[in-house]
Amino acid sequence: MVMCVLLASACLRTPAEEAGIDFGYAIDPGPLATDPIYQTIVRNDATIVTPENHMKWSLIHPGPNTYDFTLADQIVATAAANGQSVRGHTLVWHSQLPAWVTSGIWTRETLLSVLEDHITTVVSHYRDNFPGVVTQWDVVNEAFHADGTRRDTIWQQVIGDDYIELALQFARAADPDAELYINDFYDNVIVAADSQLNGLPAGPGASPDRTDCALVPKCAATRTLATDFSNRGVPIDGIGFQAHLFGQQATDYAELASWVGPLGLEWAITELDVALLAAQGDDNAALTAQADAYAKVVDACVGDPACDTIVLWGVSDAHSWIPGTTFGLLDHGLLYDHDNVPKPALVAVYDSLTAE
């Protein structure tokens, strides 16, 4: 392992496979096509990848009668060539929608028809063109406010409460073999930021001191929904926990997700990163704390038979969403720095994957 880090080469794929964990990254098609180091990391670290943006509605379905699979297909084709699987992301979300959807004049019936067409077209495209490669789908993303109420999206407003189960049914019909997830964020900092910046209902998020799902309204609402779906036979296979962390103290996801396995479902860490202040890129204490946070999250998944997937939201800091979204306040959230050099967090993840 020391040699692997000193050579700045990727080395997580084999330990992930031996641990029975699908491990990987959200992928940007630009560096995937042009950056040899990025390509090597993805090839040698990942057993699973997800398109970071290019399966989202505005890019893959930009017009009412237009689908553009070009860049998403490049990611999926590269994964197939590397012997990797793909986590599709995301079929239903309130953000990154094209104007023809958000500005349309809809009835329940017309918007439901659009939703069914989108899910059926996208999922069946990958079922037919890349058989067995897209094995998981984030079907519905971020459906709840921090206080546990339904997020006031166009889908909720026009279609109503049943849009989530209908989306799951459409996805199951399009690919009976894919695992279907609902995906959301629960951690205190991002929950608070979402509420404050967007003027949304507030509520406590998860933290190292608040790990009981019942005490996190958003998590409790997800549990209630998933329990209802499980009891009624609505097609759902798992719950995604995004895990965008700050402060280098990780929530105990094994505790937060302890209700998932007993429902007969799986859970996944779907968008993991651990942001630092922008000035802390060379701060050894901060990098050590970051490594500890990564280890805690990976340990939680490795230690629970109901968890078998960990996806980081990016490969290196050079292509991270964090600086742009936080106006440069935060950065350095991934395993590789801006020069693709591995950090102590990579050693911590390796150790967690190889722990007996």
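Here is a short walk through one helix of this structure and a few of its salt bridges.

Keep in mind that this is a predicted model, in which local features need pLDDT of at least 70, side-chain atom pairs count only at pLDDT 80 or more, and totals for chains, interfaces and linings use all residues. Residues are numbered from 1 along each chain as its sequence is written, and side-chain values use heavy atoms, with hydrogens and water left out.

Let's start with helix 12, residues 217–232. Helices here are DSSP runs of H or I with at least four residues, strands are runs of E with at least two, and both are numbered from the N terminus. To get the expected span of a helix, you multiply 1.5 Å by one less than its number of residues. Helix 12 has 16 residues, so it should span 22 Å, and its end C-alpha atoms are 23 Å apart, which agrees. Right after helix 12 comes Gly 233, with a positive phi near 80 degrees.

Now, which residues of helix 12 are buried? They are Lys 218, Cys 219, Ala 220, Ala 221, Thr 222, Leu 225, Ala 226 and Phe 229. Buried means under 20% relative accessible area, exposed means over 50%, and partly exposed lies in between, using a 1.4 Å probe and protein chains only. An α-helix has 3.6 residues a turn, so residues three or four places apart point the same way. The buried residues of helix 12 pack against helix 10 (163–174), strand 5 (179–184), strand 6 (238–241) and helix 13 (253–256), where contact means heavy atoms within 4.5 Å.

Helix 12 also takes part in a salt bridge: a side-chain nitrogen of Lys or Arg within 4 Å of a carboxyl oxygen of Asp or Glu. Glu 165 and Arg 232 meet this way, at 2.9 Å from N to O. That pair links distant parts of the chain, with Glu 165 in helix 10 and Arg 232 in helix 12, 67 residues apart. Glu 165 is buried because its relative accessible area is 16%, while Arg 232, at 46%, counts as partly exposed. Asp 228 joins Glu 165 and Arg 232 in a network of salt bridges.

The whole structure has eleven salt bridges. One of them pairs Asp 194 with Arg 151, with the closest N and O atoms 2.9 Å apart. Here Asp 194 sits in helix 11 (residues 188–198) and Arg 151 in the loop between strand 4 (134–141) and helix 9 (154–158), 43 residues apart. Asp 194 counts as buried at 12% relative accessibility, and so does Arg 151 at 5%.
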